[in-house]
Amino acid sequence: MAVTYSSEPCPRCGISYSAVEIMPPTTVLASQGCWGGFNQILANEYSDPARMAIHHLTVDAYMAQHPGDIRDRFTLSAFNSHLLALYFNREFGVGQVELRKIRAEIAAKSAQHGAWLSPPASLLGISFESLLAAENSDEHRAAVVVWADCIWHCWEPRKMELAKLAAAYGLER
Ligand SMILES: [Zn+2]
């Protein structure tokens, strides 16, 4: 298979990644280079249990930065499940066992429960290069936390809206 490289800036994060291009699914809006780089990160996690330990935060953070076309109800539920999982984890320290239930609960509810919060402009320019550069699982997990916190800090000023969104799904805290 031919390997291609992308210099197109990603419409969500604004970064041009020189990664293998992969077409993202409809639930994600990203350049093919960005999605290709993210898939490399996922492959690193799937092949190493110590990296996999933080997999859910990796996915929630990426999805909170790269929502797809929200006119699609499935995409809106998927986006809100990841965004609210990031919110509950970073704001309240909710662990992965409970977050799995929260994500499933949101996914099971129709999109009419949840509003669409458009991504903050400050999300532009936050890159996952440090995750690709990590040389071992400790570095990887530390890099995921720093990167996910950068993404969370962009959403953090909108905590009130996030609390309302969570309430719309019956997930008050
Ligand atoms: Zn991107």
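Two residues are in contact here if their C-beta atoms, placed from the backbone, lie within 7 Å. Keep that in mind for the whole view: among contacts between residues at least 6 apart in sequence, 58% join residues at least 24 apart.

What you have open is a predicted model, in which local features need pLDDT of at least 70 and side-chain atom pairs count only at pLDDT 80 or more, while totals for chains, interfaces and linings use all residues. Residues are numbered from 1 along each chain as its sequence is written.

**Whole chain**

Start with a cartoon view. You should find eight helices and zero strands (DSSP runs, H or I of at least four residues for helices and E of at least two for strands, numbered from the N terminus). The C-alpha atoms fill a box of roughly 45 × 35 × 30 Å along the principal axes. Of the 173 residues, 37% count as buried, a label that takes 20 or more other C-beta atoms within 10 Å of a residue's own, again with C-beta atoms placed from the backbone.

**Helix H3**

Now select residues 55–65, helix H3. Eight of its 11 residues are buried, so H3 is largely enclosed by the rest of the structure. Colour Leu57, Thr58, Asp60, Ala61, Tyr62, Met63, Ala64 and Gln65 to see the buried ones. Then show what covers them, including helix H1 (32–46), helix H4 (73–92) and helix H7 (137–155).

**H3 against H7**

Keep H3 and H7 on screen. Their axes come within 10 Å and cross at roughly 35°; these axes are lines fitted to C-alpha atoms over the stretch in contact, with angles from 0 to 180 degrees between N-to-C directions. Add side chains for Leu57, Thr58, Ala61, Ala64 and Gln65 of H3, and for Val144, Trp147, Ala148, Ile151 and Trp155 of H7, which make the contact.

Next, pick Val144. Leaving out residues up to four places away in sequence, Val144 touches Ile54, Leu57, Thr58 and Leu131.

**The core**

Finally, which residues have the most contacts inside the largest nonpolar core? Select Cys34, Ala61, Ala64, Leu84, Val144 and Trp147, in a core of 39 residues. A nonpolar core is a set of buried Ala, Val, Leu, Ile, Met, Phe, Trp, Tyr and Cys residues joined through C-beta atoms within 7 Å. H1, H3, H4, helix H5 (96–108), H7 and helix H8 (159–168) each give two or more residues to this core. H4 supplies the largest share, nine residues.

Definitions and conventions: Buried ≥ 20, exposed ≤ 12 C-beta atoms within 10 Å, placed from the backbone.
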